[in-house]
Amino acid sequence: MGALDYLSNFCIITSTRSKRKPMQTVEIKVKMDCDGCERRVKNAVTTMKGVKSVEVNRKQSRITVSGYVEPIKVLKRIKRTGKAAEFWPYIPQHLVYHPYISGAYDKRAPAGYVRNVVQAFPASNAAEDNMVSLFSDDNVNACSIM
């Protein structure tokens, strides 16, 4: 069997086909003033290879692109239309512990959103979390400790 395995390695044809890109959702902030701006940006992204759906929300200045695309290429394609574009910098306000910390609150952010900054999330201390859960009502072994 060893000789046959050795010889079969020479007969295997390897394909040069690249792997398929993973399905992604890319959110981009683009300032759009009118229907023409919206149409121009949407058409530029829709014609890209691998794009499955494009949602435009002019009120929030936001474009959501879903498909087998690379986020950098989507951003470059939108910038080619002449519009200033950046990746969506906001997260929902209810996900942040300190939404009014400096740098997180942004007047230009859509309602219910704040900037995604590291300082808005508390530092996790694993030791403190374990101590708190020892005396929690949700912990079934809490009565055995007391």
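1. Buried here means under 20% relative accessible area. Keep that cut-off in mind for this predicted model: Tyr90 comes out at 4% relative accessibility, so it counts as buried. Trp88 is buried too, with a relative accessible area of 11%.

2. How are the rings of Trp88 and Tyr90 arranged? They form an edge-to-face aromatic pair, with 80 degrees between the planes and 5.2 Å from centre to centre.

3. Trp88 also pairs with Tyr113. Their planes are at 90 degrees and their centres 6.0 Å apart, so this pair is edge-to-face as well. Have a look at where the two partners sit: Trp88 is in the loop between β4 (85-87) and β5 (90-92), while Tyr113 belongs to strand β6 (residues 113-115). The pair therefore ties together parts that are 25 residues apart in sequence.

4. Put these together and you get a cluster: ring pairs link Trp88, Tyr90 and Tyr113. The count of aromatic pairs comes to 2. Trp88 has a charged visitor as well, since the charged end of Arg62 sits over its ring, 4.7 Å from the centre.

5. Now for the cysteines. How many disulfides does a search of the whole structure find? The result is 0. Take Cys34: its closest cysteine sulfur is in Cys37, 3.4 Å away, which is too far for a bond because the two sulfur atoms of a disulfide must be within 2.5 Å. Cys37 is likewise in no disulfide.

6. Is each of these cysteines buried or partly exposed? Cys34 is partly exposed, with a relative accessible area of 36%, whereas Cys37 counts as buried at 8% relative accessibility.

Definitions and conventions
Residues are numbered from 1 along each chain as its sequence is written. This is a predicted model: local features need pLDDT of at least 70, side-chain atom pairs count only at pLDDT 80 or more; totals for chains, interfaces and linings use all residues. Side-chain values use heavy atoms; hydrogens and water are left out. Buried means under 20% relative accessible area, exposed over 50%, partly exposed in between (1.4 Å probe, protein chains only). Rings of Phe, Tyr and Trp (its six-membered ring) pair if their centres lie within 6.5 Å; planes under 30 degrees apart count as stacked, over 60 as edge-to-face and the rest as tilted. Helices (H or I, at least four residues) and strands (E, at least two) are DSSP runs, numbered from the N terminus. A charge sits over a ring if NZ of Lys or CZ of Arg is within 6 Å of the ring centre and within 35 degrees of the ring normal.
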